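This report is written for a reader who has not seen this structure before. Please look over the sequence and the model first.

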Amino acid sequence: MLNSASKVTINTGNVLNLIDIKKKAGQNVTEELSESIKLTLTEWSTQNVLPVQNGIAVDHPQTSFQHSDYMVVSTSTAPQETVISITRPHDDVQNKMAEEERKNLKIGVKIFINEDSTAALTECLENVFTALHTEYIDNVILAYNPDVLHRLEEIADETTLKTSYTTKASPISLGSNIARMSSTEVDADNEADARKCEAILPGIKVLWAILEDYVKEGRVHQLGVADVGGGCLRKLHAWARVRPAIAQINLASCCVVPPSLHAFCRANEVQLLTHGDPPDLLSIAAVKTLSDAGVGCNNLEWCARYQVHIKCRGVLALKGYVCKATLGEKRETIAAMPITTN
């Protein structure tokens with residue numbers, strides 16, 4: 001990409017308006033994210049790219065920007081790290097947001113992050129606020145999936161996992177059985193969930209403290225967490241100053257909601273939702289962006305998906321991604337225009 005950049009933040013804009021994505025009906029979350037990134041990078045690289053000198057976008061007499069939908073801005077988030085922000089200033093996000101009064105919109109953001117870096121989380125949230133031109137976000141859901149979690153999953157006993165999912169019941173029907181379970185059965189997580197909680201809870205607490213500050217400032221109204229067991233949610237709930245109001249569980253196990261999780265959510269007015277996001281979304285999406293020659297990134301440090309609904313109609317008005325990536329090996333194919341000197 002840009003020789004002067006070591007990192008890049010990518011704002012896909014409203015993906016509901018990306019025709020190439022619309023044509024691919026039935027694509028999964030990973031495919032949508034990787035396609036959004038590739039389309040943004042490809043179009044930016046081929047349409048009126050600002051030349052960059054010493055990491056700063058500069059005007060050039062041989063370049064025309066009248067019809068550009070893409071903008072390159074040099075930013076700095078860490079010493080000795082040049083971050084280039086690629087965004088779509090003429091995307092319809094701002095216009096869509098202005099069509100309705102803010103009170104009539106509900107903005108939900110899900111943050112995917114693999115490290116307990118407070119700087120990365122803050123950077124992610126600030127990029128979302130900038131992308132949406134909003135002063136507050138209605139809810140933020142944290143999806144924290146550190147590398148240690150994947151190593152635990154690799155060594156997990158498959159037999160133990162299978163025996164924990166023998167009952168097939170919907171979340172609603174399961175609720176009718178909670179009363180017949182003993183307190184020990186409700187409170188206990190299986191061994192895999194206990195190991196997972198031990199691995200992720202310390203990191204979640206580090207990141208949660210940052211999210212609580214946003215709530216205190218009035219910039220975020222509700223917090224949620226994805227893919228934690230009932231015991232882990234209970235521990236987070238007891239520790240937090242701002243308690244989780246939303247808990248997400250993967251669709252792959254939605255028919256067998258862990259009893260402890262279901263019981264705890266009912267008792268503490270935590271909204272229990274399902275999702276279809278893979279735990280290794282960042283790594284898989286990064287690999288997919290490199291599947292086509294010349295475009296891509298070799299890893300994603302964090303990614304936020306935002307969705308804006310019109311409350312009274314329940315209509316999805318906006319959907320997009322903001323991500324931070326390390327440039328891929330083929331970045332020279334998306335190079336900036338050469339700068340000549342007289």
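The sections below go from the protein overall to its helix packing, its ring contacts and some single residues.

## Overall picture

The model is predicted. Its secondary structure comes to 12 helices and 12 strands. The protein has 342 residues, and buried residues make up 49% of them.

Contacts in the protein often link distant parts of the sequence. Among those between residues at least 6 apart in sequence, 73% join residues at least 24 apart.

## Helices H4 and H9

Two packed helices are described by the angle between their axes and the distance between the axes. For H4 and H9 the angle is about 35°, and the axes are 9 Å apart. The crossing of H4 and H9 is right-handed. On the H4 side, the contact is made by Thr118, Leu121, Thr122, Leu125, Glu126 and Phe129. H9 contributes Val206, Leu207, Ile210, Leu211 and Tyr214.

The spacing of such residues can be read against the helix itself. An α-helix has 3.6 residues a turn, so residues three or four places apart point the same way.

## Helices H9 and H10

H9 also packs against helix H10, which spans residues 230-239. Here the angle is about 30° and the axes are 11 Å apart. Angles under 35 degrees count as roughly parallel, and H9 and H10 are therefore roughly parallel to each other. Their crossing is right-handed. From H9 the contact involves Cys197, Ile200, Leu201, Ile204, Lys205 and Trp208. From H10 it involves Cys232, Lys235, Leu236 and Trp239.

Which residues of H10 are buried? They are Gly230, Gly231, Cys232, Leu233, Leu236 and His237. Cys232 and Leu236 are thus buried and also take part in the contact with H9. The cover over the buried residues of H10 includes H9 and S8, along with strand S9 (246-250) and helix H11 (259-267).

## The aromatic pair

A search of the whole structure finds 1 aromatic pair. Its members are Phe129 and Tyr214, whose ring centres are 6.2 Å apart and whose planes lie at 10°, so the pair is stacked. Phe129 belongs to helix H4 (residues 118-132) and Tyr214 to helix H9 (residues 191-216), so the pair ties together parts that are 85 residues apart in sequence. Both residues also appear in the contact between H4 and H9.

Are these two residues buried or exposed? Phe129 is buried, with a relative accessible area of 5%. Tyr214 is buried as well, and its relative accessible area is 5%.

## Charges over rings

The ring of Phe129 has a further partner: Arg219 lies over its face, at 4.2 Å from the ring centre. Elsewhere, the charged end of Arg102 sits over the ring of Tyr136, at 3.8 Å from the centre of that ring.

## Positive phi in two loops

His133 has a positive phi of about 55°, although His133 is not a glycine. This residue is in the loop between H4 and strand S7 (137-144). His133 counts as partly exposed, at 48% relative accessibility.

Asp227 is likewise not a glycine, and has a positive phi of about 60°. Its place is in the loop between strand S8 (220-226) and H10. At 16% relative accessibility, Asp227 counts as buried. The cut-off behind this is that buried means under 20% relative accessible area.

## Two buried residues and their partners

Asn139 is in strand S7. It is buried, with a relative accessible area of 9%. Asn139 and Val109 are 30 residues apart in sequence, and their C-alpha atoms are 6.3 Å apart in space. Leaving aside neighbours within four places in sequence, Asn139 is in contact with Lys106, Ile107, Gly108, Val109, Gln222 and Ile246.

Leu41 lies in helix H2, which covers residues 29-46. Leu41 is buried, with a relative accessible area of 0%. Leu41 and Asn11 are 30 residues apart in sequence, and the distance between them is 9.8 Å, C-alpha to C-alpha.

How values were computed
Residues numbered from 1 in each chain as written. Predicted model: local features only at pLDDT ≥ 70, side-chain atom pairs only at ≥ 80, totals over all residues. Heavy atoms only, no water. Phe/Tyr/Trp six-rings, centres within 6.5 Å; stacked < 30°, edge-to-face > 60°. Helix = DSSP H or I, 4+ residues; strand = E, 2+ residues; numbered from the N terminus. Buried < 20%, exposed > 50% of the residue type's maximum accessible area, 1.4 Å probe, protein only. Lys NZ or Arg CZ within 6 Å of the ring centre and 35° of its normal. Axes fitted to C-alpha atoms, helices over the stretch in contact; angles between N-to-C directions. Parallel < 35°, antiparallel > 145°, perpendicular 65-115°, else oblique. Left-handed = near helix turned anticlockwise from the far one by under 90°. Contact = heavy atoms within 4.5 Å.
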